[in-house]
Amino acid sequence: MSRIKTFNLPDLGEGLTEGEILAWLVKVGDTIELNQPIVEVETAKAAVEIPAKWAGQVQAIHHPEGSTVEVGTPIIAIDTDPGAGPLETPSTTATPSGDLPTPSAASLAAVEVAPAEGMVEPGLIGGAAPGGRTAVLVGYGPRTTAAKRRPRKGAVPAQAVAAPAPAAPTAPPVVAPARNGQAALTGGGVLAKPPVRKLAKDLGVDLGTLTGSGPLGSITREDVQRAANGATTVVAEPIAATTAPSFGADREQRIPVKGVRKLTAENMSRSAFTAPHVTEFLTVDVTRAMKALDRLRGRREWRDVRVSPLLLVAKAVLLAVQRHPMVNSTWAGDEIVVKEYVNLGIAAATERGLIVPNVKDAGRLSLRELADALTDLVQTAKSGRTSPAAMSGGTLTITNVGVFGVDTGTPILPPGESAILAFGAVREMPWVHKGKVKVRQVTTLGLSFDHRIIDGELGSKFLRDVGDFLTDPEAALLAWT
Amino acid sequence: MAKGDPGGTTRSRRAAPRSRKGTAGDPALVQLLTPDGERIDSATGPDGTEYRVDFTDEEYRGLYRDLVLVRKLDAEATALQRQGELGLWASLLGQEAAQVGSGRALRAQDMAFPTYREHGVLYCRGIDPIMPLGLFRGVDQGGWDPNEFKFNMYTIVIGAQTLHATGYAMGITIDGKTGTDDGEAAIAYFGDGATSQGDVNEAFVWASVFNAPLVFFCQNNQYAISEPLERQTRVPLYQRAAGFGFPGVRVDGNDVLASYAVTRTALDNARLGQGPSLIEAYTYRMGAHTTSDDPTRYRIASEVEAWQAKDPIARVKAFLEKQQIADAGFFAEVDEQARRESVHLRERVLEMPNPEPVTMFDHVYPNGSPLLDEQRAQFSRYMESFEGSAH
């Protein structure tokens, strides 16, 4: 074994295929000890530190921070005997020898051309697969980098066509993986397993709009959840608020796009360029509503409840949805899914970025229950404990941009939702009240909606109702409920 | 003594020693060594049982050595998983005292039924710590003889082992091996999450009505993977025992002395024929549920820090230093031993041979079967069909 050892990214969590390099904790030339943390890697399951497998000197780092690396790919080379003098050839650094060298394109192609082996006995799980490997049904699979890489390679179709079909159940599909579904799969629509389809239906996600990350470009549960969790609002979170930007000599800083930022970006782009957005504004006098809140706070049974203007806005939205159910719907390609239940999303800026947890079936809650649910949701979000379940399945969202001191905005719809309301700051303003200019408490509402489902009339009526409630909640309650 | 606890007597006042303030803050918690390393002479359980330990200096040092070794070997296993040498690892970090305390309280004849995290108990039973690594590396099924070491195989199914243990304990009674000072007992390990399982509640019922010589040892590490304790129970777990008709006690699971004392008493009660009992070892899983889990997604750093201050090893070290039972040389020697053993562990793991595929037919039936023989032969033929394959 060479003194240069190459460490390949292991499967860190039972069946993972890739990981993202979050941060290198060492750099080339560093002397490291056995089990010293060298790199932080985030997988679909967890962000973990990997300890060094050998002591020595870091010879090469193969992937920069922010890159996504397939399991089994070399990520770092360590000189296990740096005291033994210089290395023989500098090229060793570039192409480190190790347990599993990176396969060249040629070697990959060679492996993919499956000879008809015909050695498979009937009834056996494993057939002899190309390259002397054994096909398996379950488990970690054979330790061949090529086999692991192939499903994700987006293999060149020509190459796949040239490959003869295997005689028996070999592990790697010889068909070219069709990443996006549409091209290769015309008749059958998108590829997704039934439970995934059910999930998508439940969460109101249109499978046709997704890009599958599974085998053959199929849509996975994660793809659906990612789409459903889509966070959105006009709230621009500060980029790395905690760390001051560090500029290089060119006075520019390059920040890798990943994590919540990447997710938000994907969701926002997708929503902005698929759903035709219309935004309407309404400025209303909320003085009476604010007084009503004060009276509520004064009641004995509401003594321990956190009562905020957001509570009344939420209530206004829920009542208005009852009067205009179409607003609470999803565009699903050839049909519109109107929902009886309202999972009311609240956009929250947290330390880990923008998240949109929702209050499940908020329409069924009493005002008191709604207040408790909102308090709980906000506290959970602030403490960073919001669960993925709480962030999925939202049907309509409120973004409280007023807390940042601005008046309104044109929010972007969370994917799968048809309306989002921006609630601006409540300000004391000169306002014509009963024929005279008075100082009143005024706010601006901004409603974005999906014009494929909601026309100007419906959107305006909905926004008007929300405004009416906030102008005079008692009267609205008496009139509507 | 918890307010309103029906078992409370005035005896408990005697055991509420000075300087209990600022520890766990729970008067129902049996504790003999505070997080600061202060010894408490005796503590009283909810039913008035008094707990105390009387160790020699050598024994105190032995417990410390156990704790340090168990933690170090566990850390090495975690590192090996991160380096791709194990498929998975369930770390015991933070739970060393509960495991070493209870493990050392077992007598040679007592039978233990572990989950998949009881590496510390396994160590105390004298099993080579390499054994569970073979399981998690996927090269064997565990490898130790449960009858030889009186330590059952790791059980992955949550709570299932409590039923196995109950059946085993009922067998002890049927064999007439209880009722004397030297009788037999069994102990079933499980976590707080398992208490929500039907199996565990069934085991409680059966053990109770058959008066089985069994100790239910629940390590309440506060999380069922990601679900916090408040999603598991509305009452302290040890109080559940009362509903099933046997005593329950909550012990500071980060206190190796109290864990030892409470387990020893419960085992002795069982071996004397007084039936089962439940121990809730109140502790904290400092690491992830397994290496596939990311605890930062569901718990906050300040909580982890608060438990860091209750570390099971730091308090023993503080005690040993204050009482001048051990000096710097001893601590250095233990650290060096731990380092040596972890390196040894690593070397042996890397050399673990992959089993011959055909060996999977070996232990299906004790005396084989014709169908199995046929399958083995077919499989062998298939394996031999590969060019130059010796495997």
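**Strands, cores and contact in a two-chain model**

Q: How do you know that β4(B) and β5(B) are joined, and in which sense do they run?
A: Three bridges join β4(B) to β5(B), and the two run parallel. Two strands pair if DSSP finds at least two bridges between them, so three bridges pass. Ala112(B) has Ile187(B) as its bridge partner in β5(B).

This is a predicted model: local features need pLDDT of at least 70, side-chain atom pairs count only at pLDDT 80 or more, and totals for chains, interfaces and linings use all residues. Residues are numbered from 1 along each chain as its sequence is written, while chains are lettered from A and ligands numbered from 1 in the order in which they are written.

Q: What makes β1 and β4 the edge strands in chain B?
A: Each pairs on one side only. They belong to an open sheet of six strands, ordered β1-β9-β10-β6-β5-β4, with parallel pairing. Strands here are DSSP runs of E, at least two residues; helices are runs of H or I, at least four; both are numbered from the N terminus.

Q: How do you know that β9(B) is paired with β1 and with β10 of chain B?
A: Count the bridges. Strand β1 (residues 29-30) shares two bridges with β9(B), in the parallel sense. Five bridges join β9(B) to β10 (residues 277-282), again parallel. Val251(B) sits in both pairings: Val30(B) has Val251(B) as its partner in β9(B), and Val251(B) has Ala281(B) as its partner in β10(B).

Q: Why is strand β9 of chain B called largely enclosed?
A: Five of the five residues of β9 (residues 248-252) are buried, so the rest of the structure largely encloses this strand. Buried means 20 or more other C-beta atoms within 10 Å of the residue's own, exposed means 12 or fewer, and partly exposed lies in between; C-beta atoms are placed from the backbone. Both faces are covered. Gly248(B), Arg250(B) and Asp252(B) are on one side, with Val249(B) and Val251(B) on the other. In a regular strand the side chains alternate between the two faces of the sheet.

Q: What makes the right-handed β-α-β unit in chain B?
A: The parts are β9(B), helix α10 (residues 256-271) and β10(B). Right-handed means that, with the strands pointing away from the viewer, the path from the first strand over the helix to the second runs clockwise.

Q: How do you know that the length of helix α7 of chain B agrees with its 15 residues?
A: The expected span is 1.5 Å times one less than the number of residues. For α7 (residues 160-174) that gives 21 Å; the end C-alpha atoms are 22 Å apart, which agrees. Gly176(B), with a positive phi near 70°, follows the helix.

Q: What covers the buried residues of α7(B)?
A: The cover includes β4 (111-113), β5 (186-191), α8 (198-209) and β6 (214-220) of chain B. Among the buried residues are Leu163(B), Ala165(B), Thr166(B) and Ala169(B).

Q: Which residues have the most contacts inside the largest nonpolar core?
A: Leu214(B) and Ile279(B), in a core of 88 residues. α2(B) gives the most to this core, with 10 residues. A nonpolar core is a set of buried Ala, Val, Leu, Ile, Met, Phe, Trp, Tyr and Cys residues joined through C-beta atoms within 7 Å. Beyond four places in sequence, Leu214(B) touches residues including Ala165(B), Thr166(B) and Ala169(B) of chain B.

Q: Why does Leu210(A) count as buried?
A: Leu210(A) has 21 C-beta neighbours inside 10 Å, so this residue counts as buried. Leu210(A) lies in the loop between α5 (194-203) and α6 (221-228) of chain A. Leaving aside neighbours within four places, its contacts (C-beta atoms within 7 Å, placed from the backbone) are Ile219(A), Asp223(A) and Ala227(A). Its C-alpha atom is 7.7 Å from that of Val224(A), 14 residues away along the chain.

Q: What makes β1 and β3 the edge strands in chain A?
A: β1 (4-8) and β3 (31-32) each pair on one side only. Their open sheet has four strands in the order β1-β8-β6-β3, with antiparallel pairing. Two bridges join β3(A) to β6 (residues 56-61) of chain A. Ile32(A) has Gly56(A) as its bridge partner.

Q: How many residues does each chain give to the contact?
A: Chain B gives 17 and chain A gives 21. On the chain B side, α2 (57-82) and α14 (370-384) are the elements that give two or more residues.

Terms used:
Two residues are in contact if their C-beta atoms, placed from the backbone, lie within 7 Å.
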